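Work through the exercises below with the structure in view, and try each task before reading its solution.

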Amino acid sequence: MELLIKNGAVYDPFNGIAGDKTDISIKDGKIVDKVSSSASVIDAGGRLVMSGGVDAHSHIAGAKVNVGRIMRPEDTRSGIKPRTKITRPYTGYTVPNVYAMGYRYAQMGYTTVFEAAQAIMKARHTHEELEEIPIIDKGALTLFGSNWPTMDYVREKNMDKLAAYVAWGLLASRGFGIKCVNPGGGEMWGFGKNVTGLDDVVPNFDVTPAQIIVSLMKANEMLGLPHSVHLHCNNLGKPGNYKTTLASMELAKQVKPSKDRQVLHVTHITFNCWGGTNWGDFESKADEIANYLNNSENVTTDMGQLIFGSATTMTADGPVQYANAKLLHAKWANGDVELEDASGVVPIFYARQVSIHAIMWAMGLELALLTKDPYKVLLTTDHPNGGPFVNYPEVIALLMSNKKRQEEIKTLHEAVHKRTKIPGIERELDFNDIAIMTRAGSAKVLGLLDTKGHLGVGADADISIYDIKPDQIDPSVEHAKIKSAFQSAAYTIKGGEVVVKDGQITATPMGRTFWVDATVPEEQTEIMMKDIRMKFKNYYSISLANYMVQDAYVTHPKVVKAGVIPVEVS
Amino acid sequence: MATVITDALCPFCGCVCDDLTIVTENNKIIEAKHACKLGAAKIMGHHRIKAPMMRKDKHSDFKEVSYDEAINEAAAILARSKRPLLYGWASALCEVHKKGILLAEELGAIIDNTATVCHGPSTLAVHEKGLPSSTLGQIKNRADVVVFWGSNPVQAHPRHMGRYSVFAKGFFSEKGRKGRKIIVVDVRKTETANIADEYIQVAQGSDYLVLSALRAILSGHADVVPAAVGGVSKEQLSKLVDTMKTARFGAVFFGMGLTQSKSRYKNIDNAISLITELNSFTKYVIMPMRGHYNVTGFGQVCSWETGFATAVDFARGAPYYNPGETAANDLLMRKETDAAMIIAGDAGAHFPADSVRHLAKIPVVQVDPYWNPTTEVANVVIPVAICGVEVEGTAYRMDGVSLRFRKMIEPTHPTDIEILEKITERVKEIRGE
C-alpha cells in the first residue's frame, strides 16, 4: 500500500521544514524516501501539512472518565450523533463515549493520545476503554506518587527496589510512564487529610513529597524510560501555589536525564501557577513559570488551557476535588484506590464574568506566549479539566492571533486586566510553533520522536492536512478560518490509511497501545516481590494472581523497551 | 486426574471473591473451596437447560430444536419487532455486554439491565449528587465505623464482612472486628443486625426522614428535630451522629432496603448528601451493595459505549436515556414493547406482575444457562455456557474494580457471545444489509 502526498505546505519542525513544498511518500504505514509510480496520490494543493497530532496529557479512558459519564447524563446528551455505516454513535462533550473520543481526535488531525492517569489496580478498566477507542494510537501513564511500596522504598532510600517496583508496576498496568499526582497527598486523603507543601511529612510513611518526586525521577532515569516523571504538583487548586510549582521544578536539578529530554514534565500549569493568598487577591503567576522555563533546560510543561463553558474536573488529587465540590456546591464523586492513590470527579462551568475563571483563561496563554521555546510548553486543555479537547483549534487560534485575544478580553471580567499580563502580550505564534506544541514537542516530551511527531523517513505515516494555504492567510486577522480548519481536517492519515476526509470519518482502524517494558535484574525484582506478596496477603482486597492486566486487554500492543540492563530496541 | 485452580473468581454476587480454589475432574467441578454457600451452589452447577427449545404459542409445550433454528427464530422475532427490548445482562461478562449493545444499535432496540429493579435508583441519585466512594480494600484497611443501611450481607453477601468490611484486618485496622463499630439500620432485625454493635430500627418507609434528621443534627440544627423520627428516638439519632462524626474512617453500605422502599432514589440522594457533609468532619465513603456479580460491569460498559449507564433507547439511531420512559418496566407497563430478549437475568421472577403479564403476551427470546420463571413466558429458549465458570472474561466488583475470570471447565453449550454474534448477523441478513 503506497501513498504520495504532493504539493503540501509542510511544517515539520523536527526536520527543519517550515512551509516548504515537500512531497511525502508512504509505504506500509511508514514514511519512506520514495514510492513507485503506482502509488495513490493526494494532491494537497498548497495546503498545510503536518504530522498527526500528539496529545501527551488527556483523560480519555478509565475509571474516573466513566464515573464522569455516569454522574453526568446531562453532558452525554450534548454532542449526540447517530450511528452510520462506518461509525458507532457519538455522545458527550466533556466526557464523550469511547467512539467519539477516537473520531473527534481524528477529525482534528490527531493520531496519538495519552491518558494521563491510571491506578495500577484499575488499569484493566483503562485498557478496556482504550481497546474500544477507534483510530488513534494511545497509552496510559501509571500513578506512583502515593503508592505504599513507593513510599516505603523512598523512606528506605532503596533505589533498586523502587526501580524494580516501577518496572513491575508498568508491566502490571501496561503503563507508559510515571505519573505522580499530589505526591503523598493521595495517601493522606485516605483519612481525609492532605499535604500542604513539598516538605510535609506523610504520617505512617515518614516521607515528604519532595523525596517522593526526586526518588521517582531518579528511578525513571535509572530505568531509562522514554518519558520523564509527569508531575501534577502539590497544592494544586490553592492560591499561591506557583511557589510550590517552582520549588518542584527546582527539584529537577538534582537529577540528570538519561535521554535527550526533560527529567520532569509539570503538567496543566493553568491549575498551578496561581498567585495571591485567597480568592480575593488571586492572580496569575504564569509569567514566573515562563521565566523559570526560559532559564532552565530540564523541565517541560503543558498549558491545561481553560475553555469557557462546561468542563468536568477529574484527577487523582482527591482532596482538591472535595474542596472544589464544597466551593461550587457541585456533585462529587470520590474514588480512593487502596494502597495506591485517591481520585475525584466534579463538574464545573467556567464563566467569562467570574474573575477567577477569566484569570485562569489567561494563564495558559501567558505561559505559552511568554515561554520562548515552544518545545517547553505543550498545547493541552488537560481534557476535560480545563475544557474538552475539541477546543484545541480555539486555543491554536488564540495563540496565533493577538486580535482574537483582544476581542476575547473585551468579553471577560475586568480582573483579566489587573491580575494577568495577557492584555499586553503581542506575540503571535506561527505554524511552526503550533506544529511543535501539538506534534514534535509532545512526541519529544513522551520520548516517541523515533516514530511520532514528525515526517522524516521511518516515522509512522500519521499525517494531517488542513484546509489552509499558509502563504495566503494572515492568521492574525483570519483567526476564524484557522480555527475552523483545525476543527475539521481535510485529511487525516493514520498509519498510511486515510481515516478522515473533509472532516468526515472514512475508516476506523484499530490503533495501538504503547506500553513500556522496563527490564531490571531478576534478583532485584524477586527481592522487591517479597514485599509486594506481603502487601497482597495482608492489605490488598484482591489476589496478586488477579492484579496484573492480562494480554487479552492489550490486543494491539506497541511495546517500548527500557530498563537498567541495556536492551536492543525492537 | 483432578485439576486445581487457585485464586479463582466467584460468579455469584457483587463481592466477586477472587480467592477460591476450584477442583475439577473430567470437566466437572468437584469442589469450590472458600466459596460461600451461594457461590458454591452456582459454581457446582444445577438445573441446566439441555438444548434449545421453541414453541408455537405460550400454551403449548416446548420442543427441542437445533441452535440454528432457535437463532433464526430469535433473529426473526427481533427483526420483526418495532420496539424490541433487550433485558438482563447482570450474570454475564462485559464481553457479552459489548455484543448486546451492538445488537441493540443494529435493531434500534432498548437495552436495560437488572439494576432497573435493584440499584437503578442509586444511579439516579449519582446523577444528582455524585458518589464519594473507594475500593473495598480502602475500607478493609482503614474503616473503624461501618454502617449497613437496608442491606443484609450475612444473607446476601456472605463473605463481604470477612473480606472487606467487618472482620477484615488491614494496615490501620489490625484489630479487625474489635477495632470497628458496626451499625445496622433496617426496618427489621436482620441476621446482620444480630452481629452489629448497634441496631437502629426504622419504621417502614421512613428512611428519608431519618437521613434528614441525621443531616440536621450533623449541621448543628438538632433543635428542629422532634423527639422521634421514623420510629427512632432523637437520643439515638444524636448518638449515631456522634459515632459517625468521630470515626477516623467511616463507610456506609446500602442495599435495596433503601433503593426499593418509599422515596427510592431520594433516599440515596439524601444518604450521599449525608456522606458528603460528614467529609467536612472526617473521612467517609458510601457504596451500593450490588447484587449480581457483574451488574456493575454492565453499567460500566454501557456508560463508556453509549454515555449512559442503563435504560438506553436506540430507536433514533443514537443513544437516548430517560428512565421513567426507557427502562424495561416503563416499556412493559405501557405495553409498548412488542418483543423481548431476556438474557442473563430473570425478568419472570423479579418484575412486577403487570410487566410479566405483558411478557406473557409478546414473543420472548430467552438466552440463559438455567431454567427459571422467564422460561415460562418464553417462545424461544437458547441455553448457553455459564459465564465465569465455563467462559473467561471481565466483571466489575461492586466497588468498580475489574477482574478477569478464568475458565474453570470447558463449556458444553455455545457462549452468549457466539449466540449474540449469530443473532446479529442473522438480523442483518433479514434486513437485507
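**Exercise 1.** Find how many Å separate the centres of domain 1 of chain B and domain 2 of chain B, and describe the contact between these domains.

*Solution.* Begin with the bounds, which come from an automatic or database domain assignment: chain B is divided into domain 1 (2-43), domain 2 (48-117 + 293-430) and domain 3 (120-288). Taken over C-alpha atoms, the centres of domain 1 and domain 2 of chain B are separated by 25 Å. The contact (two residues are in contact if their C-beta atoms, placed from the backbone, lie within 7 Å) takes 17 residues from domain 1 of chain B and 15 residues from domain 2 of chain B. On the side of domain 1 of chain B that touches domain 2 of chain B, the elements giving two or more residues are β1 (2-8), β2 (20-25) and β3 (28-33) of chain B. The residues of that side of domain 1 divide into 12 nonpolar, 3 polar and 2 charged, where Ala, Val, Leu, Ile, Met, Phe, Trp, Tyr, Cys and Pro count as nonpolar, Asp, Glu, Lys and Arg as charged, and the others, Gly among them, as polar.

This is a predicted model, in which local features need pLDDT of at least 70 and side-chain atom pairs count only at pLDDT 80 or more, while totals for chains, interfaces and linings use all residues. Residues are numbered from 1 along each chain as its sequence is written, and chains are lettered from A and ligands numbered from 1 in the order in which they are written.

**Exercise 2.** Determine which elements of chain A supply at least two residues of the side that touches chain B.

*Solution.* Start with the totals: 45 residues of chain A are in contact with 55 residues of chain B. The elements of chain A that each supply at least two residues of this side are α1 (63-71), α2 (73-76), α4 (123-130) and β16 (333-336); helices (H or I, at least four residues) and strands (E, at least two) are DSSP runs, numbered from the N terminus. The largest share, 5 residues, comes from α1(A). By class, the side of chain A that touches chain B has 19 nonpolar, 14 polar and 12 charged residues.

**Exercise 3.** Follow the sheet that contains β16(A) and say which strands stand at the edges.

*Solution.* Two strands pair if DSSP finds at least two bridges between them. Across the chains, β16(A) runs parallel to strand β8 (residues 132-134) of chain B and is joined to it by 3 bridges, with Ser134(B) as the bridge partner of Asp336(A). Within chain A, β16(A) pairs with strand β17 (residues 344-350) in the antiparallel sense over 2 bridges, and Asn334(A) stands opposite Gly344(A). The open sheet therefore reads β15(A)-β17(A)-β16(A)-β8(B), 4 strands with mixed pairing, and β15 (309-315) of chain A and β8 of chain B stand at the edges, each with a single partner strand, so one side of each is left without a neighbour in the sheet.

**Exercise 4.** Establish at what angle helix α6 of chain A crosses helix α18 of chain A, and which residues meet.

*Solution.* Axes are lines fitted to C-alpha atoms, for helices over the stretch in contact, and angles run from 0 to 180 degrees between N-to-C directions. The axes of α6 (residues 159-173) and α18 (residues 522-538) of chain A come within 9 Å and cross at roughly 90°, which makes α6(A) roughly perpendicular to α18(A). Angles under 35 degrees count as roughly parallel, over 145 as roughly antiparallel, 65 to 115 as roughly perpendicular and the rest as oblique. Among the residues that meet are Tyr165(A) and Trp168(A) in α6(A) and Ile527(A) and Met528(A) in α18(A).
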